[in-house]
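Open the model in your viewer and keep the selection tool handy. We will walk through it stop by stop.

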Amino acid sequence: MVERIWLDVPYAEKDEAKRAGARWDPAAKRWYAPREGMTALAPWAAAPDVPDLLPGEDRTLGSGLFVDLVPSSCWFTNVRSCVTQRDWERLRRMITSRVGMRCEACGAGEDRHAKRWLEAHERWTYDETRRVQTLKRLICLCTDCHTVTHFGYAQVRGLEAQAFAHLVEVTGMSRDQARQHVAAAFALWQQRSAIAWRLDLGILTDAGITVTPPPDARDRPGIAAATLGTSPAPRDAPSVPRQGTNPFRGTRRD
């Protein structure tokens, strides 16, 4: 088989690339140029592949499925918002291909009919003394598992019951154990949300990814509010259970 002339085409630019002559390889899930010398496709010329193991990445960090809430001071300030669309495409391709196009938590693949996709999720470590939140791993999760990890956001979107059921199914926890797990995750979230974290994305820059400095911590509540379509929320936002409230509304109790 003739080697493909691969392209780096962000999802938002796929129609433009297609009009310029790019073709889609469904097996590789990647766009390519059907022949050499197509100058119209030059804007999407492929950059070198991202290494399968990012410098300093810890692929043992945070194995399995668990609720992994992002501190409110960092809502919607993720890796994808700090890199170009083309670099994100390179990262996404590496993250999904190195695990054989399977979710690292439940083992599921993509399913268009079920609207289940493979997505990238970030694992962080937190240094409270230095107030530094360090990216240490990128993991491939299916849509269902990714929804579980961002349980608070699942509540905002009305997906809490589905996320809770998926957590129980994948982990084998009893419903009581899962409720305790979610409650503990929110308690840790409240503790971490009291800190304005500085993000360390060194594992990306050391891999040749250009990183745009993330918004200042003081600006992030406004970004989160704009994304959610609400006014700026306090750190214990109403969509996330406050101490003494029920974090499982809509979830049937045994």
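Helices here are DSSP runs of H or I with at least four residues, numbered from the N terminus. Keep in mind that this is a predicted model.

**Stop 1: helix α3.** Select Asp-87 and Arg-90, which both sit in helix α3, three residues apart, about one turn of the helix. They form a salt bridge, with the closest N and O atoms 2.8 Å apart. Are they buried or exposed? Asp-87 is buried, at 10% relative accessible area, and Arg-90 is buried too, at 8%.

Now add Glu-89 and Arg-93, four residues apart in the helix α3 and separated by about one helical turn. Their salt bridge has its closest N and O atoms 3.9 Å apart, and both residues are buried. An α-helix has 3.6 residues a turn, so residues three or four places apart point the same way.

**Stop 2: a network.** Extend your selection to Asp-8, Arg-30, Asp-49 and Arg-92: together with Glu-89 and Arg-93, they are linked in a network of salt bridges.

**Stop 3: a link between loops.** Select Glu-57 and Arg-98, a salt bridge with its closest N and O atoms 2.7 Å apart. Glu-57 lies in the loop between β3 and α2, and Arg-98 in the loop between α3 and β4, so the pair ties together parts 41 residues apart in sequence. Both are buried.

**Stop 4: helix α7.** Select residues 175-193; the end C-alpha atoms are 27 Å apart, which agrees with the span expected for 19 residues at 1.5 Å a residue. Colour its buried residues, among them Val-182, Phe-186 and Trp-189. Looking down the axis, you will find the buried residues within an arc of 125 degrees, so they line one face of the helix. What covers them includes α5 and α6.

Technical notes:
Residues are numbered from 1 along each chain as its sequence is written. This is a predicted model: local features need pLDDT of at least 70, side-chain atom pairs count only at pLDDT 80 or more; totals for chains, interfaces and linings use all residues. Side-chain values use heavy atoms; hydrogens and water are left out. Helices (H or I, at least four residues) and strands (E, at least two) are DSSP runs, numbered from the N terminus. The expected span of a helix is 1.5 Å times one less than its number of residues. Buried means under 20% relative accessible area, exposed over 50%, partly exposed in between (1.4 Å probe, protein chains only). The arc is that of the directions from the helix axis to the C-beta atoms. Contact means heavy atoms within 4.5 Å. A salt bridge is a side-chain nitrogen of Lys or Arg within 4 Å of a carboxyl oxygen of Asp or Glu.
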